[in-house]
Amino acid sequence: MDPQRTLTDIDRFSQPDAEPLGSLLRPDRLSAWAWTLGYTAVLSTLSVLRYHLWLAAGDDLGLFRQGLWLIMHRGLLAASTYTGHPILAAAASYILVLLAPLYQVGGVGLLLVLQAFAFGLGYFFIRRIAEQIGVQDRWAHLVGVIYLLYPTVLGANLFDFHPDAFGIPILLALIWAALSENWLAYGILLVASLLVKDTVPILLLGTGVVLLVQRRIGWGVATLVAAALGYAVDAYWLLPALTHGALNPGVALYGQYGTILAHPQHLLAWVRSLHNWEYLVWILGPVAALAVVAGKKSINPWWIPVLLFLEVNLLSSTPATTSPFNEMSVLVIPFLFVAALVGLKGSRTQGRRLTSGLSVIVMAFFLVFAWHDYHVNWTVRPPNATQLSQAVALIPKDAPVVAPNFVAAHLADRAKEWLPAGAQALPAGTYVILDPVVTTGVTPPSVYTEYSRVLGNKGTAASVYSQSQVSVYRLLRPVTLPAAQP
Amino acid sequence: MAALEHQLNPTPRTESRGQRAVRRVQSILLWMQLTRNLAVRDVETRYKHSLLGLYWAIINPLVTAAIFSFLFGVVFHAVTGSIPYVVFLVTGLTFWNFFANGVMSATGCIAGSAGLLAKIYFPRVVLPTASVFARMIDLLFSLIVLVAVILIYRVPIHWSALWVIPLLGVQVIFTLGIAYLFASLNVLYRDMTQLVGLLLMVWMYMSPVMYATTTLNGTLQGILLMNPMGGMLQAMRDLIFVGHVTDMPFLWSAFAWSAFAFLAGLSVFKRIEPLFAEVM
């Protein structure tokens with residue numbers, strides 16, 4: 001090759017029409033995507049590591065894996081053995097239908113990466129919304145970083161797998177479409193948001209009110225109609241049909257509003273519980289620091305959906321709905337951050353001291369969360385991973401299986417799978433894996449005692465594997481166990 | 001006046017979306033052509049006045065493989081299951097060397113092209129891209145060595161080995177990202193060349209290039225596979241010799257890291273790019 005020819009080629013680029021590729025290559029857009037993907041990479045790696053180390057915070061990874069497998073192999077209406085109902089009824093997460101083919105192709109790894117990406121996209125949309133509102137770029141970035149370090153976001157991301165994660169980018173994009181007055185995108189995103197979970201209509205109700213307050217009557221009415229329709233379809237048609245009339249826990253939360261309407265004094269029934277206040281500190285704390293900067297402007301209509309949603313969680317007062325680190329609270333996050341961004345509109349950077357103060361508060365929340373998460377979710381780890389791998393390898397592909405939650409997540413691609421505490425009538429040929437060394441709360445020690453008693457009977461089960469306290473039994477005849485409360 | 005306006009605003013406002021798209025595609029094609037030409041020039045100048053020429057691309061991996069095979073296979077008795085250690089090692093080294101050499105040669109490429117940069121305008125990102133693509137030639141020769149070693153030891157391989165090609169594409173994206181990062185940082189801080197050499201050495205020992213992770217305990221295995229290069233190297237070996245990827249979730253997280261590395265590297269490059277002329 002003649003070097004002179006190469007230089008001639010280069011000369012062609014000195015012509016003025018050689019310009020960047022477009023908006024994607026703008027440094028700010030590149031940077032926003034880099035933050036989004038950086039979060040995705042770190043959190044998906046941690047999620048995959050948890051899976052690799054047989055860590056499970058609950059039983060939802062197994063539940064959703066089985067549900068997705070059932071959608072692809074047995075149809076939409078196949079009942080999950082975890083709940084007795086089709087997986088779509090578990091949380092009215094119809095979005096699972098779209099995830100099922102992806103799961104079929106990429107397995108659990110792709111599922112965990114997609115979940116982390118959905119959370120990471122929150123940063124990207126926060127930047128776009130900030131741009132739309134007119135928030136200074138430096139503040140927008142700071143708010144975005146606070147979002148990425150937000151204990152609720154991190155906690156929910158590391159808490160197994162939940163389709164609620166996909167609600168974050170959808171709801172943020174919905175707000176962005178409303179702010180940029182893009183009717184088409186708004187309509188599509190309204191429908192998409194209703195596919196995420198049965199608690200979304202309450203957030204749409206709040207959004208509709210916000211738009212009405214902003215005198216955008218058409219937008220507000222359309223949103224309120226969508227919220228009402230979404231609720232009605234879920235509560236009166238789809239969920240009763242899917243569950244054969246059983247009341248869905250998500251929709252039952254709306255009953256709390258019925259209680260308030262009948263007895264208004266119940267509005268603040270939650271205030272006497274210290275746990276509820278702790279929940280509020282975790283959910284509102286990091287954003288409250290931003291409100292200090294925003295001053296009076298921090299009180300804006302976007303708090304309406306936040307308060308509506310939190311009120312439902314607080315009134316129900318169950319451990320799940322008032323835990324700041326699981327999926328039950330993530331859907332409020334988009335509105336919380338939009339409220340913060342609107343408060344920051346027009347704020348100029350107010351000195352290094354203020355930014356440092358904010359960073360210290362946010363980091364304090366993050367560090368306390370990290371300490372808590374490490375001790376609660378990372379230290380309770382099966383010490384006998386090699387034996388568990390060997391035990392799992394022994395189970396035939398389609399055989400019914402009973403396994404504790406951290407093992408069940410590895411065996412979920414089958415029609416019949418139960419957690420030890422949830423199993424009652426087990427057919428002959430069922431494989432039972434027991435690891436009494438690890439107690440995660442989903443399988444209390446008393447359940448293991450009951451299983452040892454039943455499986456110890458001669459003629460009931462044959463021992464297939466036993467090493468380092470990990471045991472595998474194969475049932476020789478059907479077994480009925482007493483109902484146990486996890 | 002009109003000439004000045006054209007210089008300040010080269011994209012006329014009257015241009016339609018379609019026309020703009022066509023012009024962008026033309027720009028991309030030109031960039032690709034330039035990248036290819038620079039990559040070929042890189043290879044030519046590297047081997048031009050050497051006695052053995054392109055044979056060095058075969059000699060280098062062979063000698064490295066021989067040394068490591070003796071050290072880890074004979075002295076330390078590394079366990080690699082049913083695959084002979086030499087085959088195991090050459091597979092790992094082939095793909096690792098492409099990454100390491102690509103990053104190493106890209107690191108100095110901007111600082112080493114000061115004359116060219118001062119003379120004319122062209123997208124600077126083309127230089128590290130060309131440096132990485134130039135290493136494809138070396139990879140090609142290393143793959144010939146790998147095939148020869150597999151044939152000599154008569155190790156059965158699977159059809160799934162064809163999946164290595166798209167996986168190599170992901171590795172290129174990851175390599176480019178790291179290359180953009182260090183190439184731009186090296187313009188500001190010349191210690192980068194030393195640092196990258198050191199970093200790559202540590203990185204290689206922390207990746208399953210010379211040892212198999214299957215013999216390690218679960219925790220250590222997980223920590224090593226968190227490293228994106230670890231996940232990709234293990235997956236490539238699995239696809240060639242096992243027939244499927246044994247740790248698929250880690251491969252997905254490696255894909256996420258590759259996408260991040262590419263965009264973050266490009267983002268840093270774009271931010272530092274305006275300073276190139278000033279610093280050099």
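**View 1. Helix α11 of chain A has a kink of about 45 degrees, centred on A:D234.** Everything shown in these views comes from a predicted model. Helix α11(A) covers residues 217–243, which gives it 27 residues. From its first C-alpha to its last, this helix reaches 37 Å, close to the 39 Å expected at 1.5 Å a residue. Look for A:D234 once more among the buried residues of α11(A), a list that also includes A:W219, A:G230 and A:Y231. Further along the helix, A:L239 and A:L242 are buried too. Just after α11(A) comes A:H244, with a positive phi of about 55 degrees.

**View 2. Strands β5 and β6 of chain A form a hairpin.** Strand β5(A) spans residues 461–467, and strand β6(A) spans residues 470–475. The two strands run antiparallel and are joined by six bridges. To follow one of these pairings, start at A:A462 and find its bridge partner in β6(A), A:R474. Which residue in the hairpin takes a positive phi near 45 degrees? That residue is A:S468, and the hairpin has two residues between its strands.

**View 3. The largest nonpolar core holds 239 residues.** Which of its members touch the most others? They are A:I126, A:V143, A:L174 and A:L341 from chain A, together with B:F182, B:F260 and B:L263 from chain B. Helix α5 of chain A, residues 96–133, supplies the largest share of this core, with 20 residues. At least three core residues come from each of two domains of chain A: domain 1 (121–378) and domain 2 (385–480).

**View 4. B:F260 is in contact with residues of chain A.** Here we zoom in on one member of the core. Leaving aside its neighbours within four places in sequence, B:F260 is in contact with A:A34, A:L37, A:G38, A:T40 and A:A41. B:F260 is also one of the residues that touch the most other members of the largest nonpolar core.

**View 5. Chain B contains twelve helices and zero strands.** If you trace the chain along its sequence, you meet one α after another, in the pattern α-α-α-α-α-α-α-α-α-α-α-α. Taken along the principal axes, the C-alpha atoms of chain B fill a box of roughly 75 × 45 × 35 Å. Of the 280 residues in this chain, 44% are buried. Now consider the contacts in chain B between residues at least 6 apart in sequence: 77% of them join residues at least 24 apart.

Note on methods:
Residues numbered from 1 in each chain as written. Chains lettered and ligands numbered in written order. Predicted model: local features only at pLDDT ≥ 70, side-chain atom pairs only at ≥ 80, totals over all residues. Core = buried A, V, L, I, M, F, W, Y, C linked by C-beta atoms within 7 Å. Buried ≥ 20, exposed ≤ 12 C-beta atoms within 10 Å, placed from the backbone. Helix = DSSP H or I, 4+ residues; strand = E, 2+ residues; numbered from the N terminus. Domains from an automatic or database assignment. Contact = placed C-beta atoms within 7 Å. Expected span 1.5 Å × (residues − 1). Bend = angle between axes of the 7 residues up to and from the residue. Pairing = 2+ DSSP bridges.
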